[in-house]
Amino acid sequence: MYRFKHLLAYPIAMLLLIASASASDAHTIVIKKFMFNPMDVTVPAGTDVTWENQDGEPHTVVSLTNDFRSQALDEKDKFSHRFDKPGTYKYICSIHPKMVGTITVVAK
Amino acid sequence: MSDPSNPSRRGALQCMAFGGAGTLFTLSGGLLTPMTLVQAATEIPSGIPLFLQISDSHIGFNKQANPDVAGTLKETIALVNAMKTRPALTLHTGDITHLSRAAEFDTALGLMQELRGGELHTVPGEHDVTDGMGTEYFARFGKPSDNRGYYSFDHQGVHFIGLVNVMNFKPNGLGGFGDEQLAWLRTDLAGRSSSTPIVVFAHMPMWTIYESWGWGTGDAEQALSYLRRFGSVTILNGHIHQIVQKVEGNITFHTARSTAYPQPLAGQGDGPGPLTVPAGKLRRMLGITDIRLVRHHLALNDNTLA
């Protein structure tokens, strides 16, 4: 009986996972007080990640592997990039390289 | 200093009047000696105006800390143009613009053309090269360095070296020169006599002022190792929008004020962003540095807008 319940639960969980993934196809990272918040984000492949600068000081979003690069984002400016390929993407602000972040993209 | 209209003296007196932290250096027997402004106002002869340092004009910035950065750059230019004896060179130590935009560079260049400060030399700040390649910066200022950004030249027996420490950032790191530029610097200095006065100008401080805010240059020590044998080395930086200075052996380090807005003291607040001060106080925190040749010595003098 236990075994049967487990087998049923698995496809249901998978369905829920897929549903939640498609519901969160967009993800926002806030840039505030010289930090990317959250700093480390995990998203399913195909997600559009948007950074929004809420500091009065400009910031950039620059991939360390040359996968994406924003222009200088002034206060309230946004930058978006679509992550299609699974992998780990590290990035910094090229104006304040103390600011670092990571996007981990997992297969859908 | 017999002429009371001498702008150097006037600047010094203004600094004193407002309790500013200006200090003047003279070189004496190969050693730079700091003097208080009280001494400077009374003891230092006017000297030959050698060159001028202007920094962090941030054209394009429009926030509360200074909604009119073009206006304060104009005031700075007027201050220079009113000097009785004009400098033959002006060094801009970077962050000419705020967001590296073409229109910002054009505005800055238009204003700087009014400056009667002789030949203009520049190095980029990180705000000038946010596109990574520095396309807009190099289109306008790349020529003297053959688009490398770093270069050297001689003027009145002084060897000037412009360095770029804003295009080689590492995560969590400070500014950086990179191996190629350091190799170039080594070669540039190799054949020179140790008695040649050296002036190095670069945007980010070439010593670590505050590591947590990235106020320093990670591989500066390598550059300094090539410079230590010289009897007089003056290192002029910008970036932190306030004067910080130190003397180490024959090397004087000095950061300039901005012409746009002040920044907080190291570690005060969320980060190295614009500092909003009461309107009446702003112009006392903006300004330029003029460097004079005083009896064969270099003397630095900081001037504020008010």
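This passage describes the two chains of a predicted model, their folds, their cores and the contact between them.

Chain A contains 1 helix and 8 strands, and from the N terminus onward its elements follow the order α-β-β-β-β-β-β-β-β. Of the 108 residues in this chain, 28% count as buried. When contacts in chain A between residues at least 6 apart in sequence are considered, 47% of them join residues at least 24 apart. In chain B, 8 helices and 13 strands are found, and buried residues make up 51% of its 306 residues. For contacts in chain B with a separation of 6 or more, residues 24 or more positions apart account for 71%.

Within chain A, 4 strands form an open sheet in the order 3-8-7-5, and the pairing in this sheet is mixed. Its edges are formed by strand 3 (40-44) and strand 5 (62-63) of chain A, each of which pairs on one side only. Strand 5 of chain A runs antiparallel to strand 7 (residues 87-92) of chain A, and 2 bridges join these strands; in this pairing, A:V62 stands opposite A:I92 of strand 7.

Two loops that precede strand 3 of chain A carry backbone features of note. Most residues other than glycine have a negative phi, and most peptide bonds are trans. A:K33, in the loop between strand 1 (26-32) and strand 2 of chain A, has a positive phi, near 50 degrees, although the residue is not glycine. This lysine counts as partly exposed, because 13 C-beta neighbours lie inside 10 Å of A:K33, whereas a buried residue would need 20 or more. In the loop between strand 2 (35-37) and strand 3 of chain A lies A:P38, and the peptide bond that leads from A:N37 to A:P38 is cis, with omega near 0 degrees.

A positive phi also occurs in chain B, at the non-glycine residue B:N147, where the value is near 65 degrees. B:N147 belongs to the loop between helix 5 and strand 6 (151-155) of chain B, and with 13 other C-beta atoms within 10 Å this asparagine is partly exposed.

In chain B, strand 4 (residues 89-92) and strand 5 (residues 119-122) pair in the parallel sense over 4 bridges, and B:H92 has B:T122 of strand 5 as its bridge partner. The connection from strand 4 to strand 5 of chain B passes through helix 4 (residues 102-112) of chain B, giving a β-α-β crossover that is right-handed. The buried residues of this helix are B:E104, B:F105 and B:A108; viewed down the axis of helix 4 of chain B, these buried residues fall within an arc of 100 degrees, so they line one face of the helix. An α-helix has 3.6 residues a turn, so residues three or four places apart point the same way. The cover over the buried residues of helix 4 of chain B includes helix 5 (135-141) of chain B, while on the other side of helix 4, B:A102, B:A103 and B:G110 are exposed.

The largest nonpolar core comprises 56 residues, of which B:V80, B:L163, B:V164, B:V200, B:F201, B:A202 and B:I235 touch the most other members. Helix 3 (residues 69-81) of chain B provides the largest share of this core, with 6 residues. A second core, separate from the largest one, has 16 residues and includes A:F79, A:I92, A:I95 and B:F169, so that residues of chain A and of chain B are both among the members. Among these members, A:I92 is also the residue opposite A:V62 in the sheet of chain A. Returning to the largest core, B:F201 touches B:L91, B:T93, B:V123, B:G162 and B:L236, when residues up to four places away in sequence are left out of the count.

The contact between the chains takes 20 residues from chain A and 21 residues from chain B. On the side of chain A that touches chain B, the residues divide into 8 nonpolar, 5 polar and 7 charged.

How values were computed:
Residues are numbered from 1 along each chain as its sequence is written. Chains are lettered from A and ligands numbered from 1 in the order in which they are written. This is a predicted model: local features need pLDDT of at least 70, side-chain atom pairs count only at pLDDT 80 or more; totals for chains, interfaces and linings use all residues. Two residues are in contact if their C-beta atoms, placed from the backbone, lie within 7 Å. Ala, Val, Leu, Ile, Met, Phe, Trp, Tyr, Cys and Pro count as nonpolar, Asp, Glu, Lys and Arg as charged, and the others, Gly among them, as polar. A nonpolar core is a set of buried Ala, Val, Leu, Ile, Met, Phe, Trp, Tyr and Cys residues joined through C-beta atoms within 7 Å. A residue is buried if 20 or more other C-beta atoms lie within 10 Å of its own, exposed if 12 or fewer, and partly exposed in between; C-beta atoms are placed from the backbone. Two strands pair if DSSP finds at least two bridges between them. A crossover is right-handed if, with the strands pointing away from the viewer, the path from the first strand over the helix to the second runs clockwise. The arc is that of the directions from the helix axis to the C-beta atoms.
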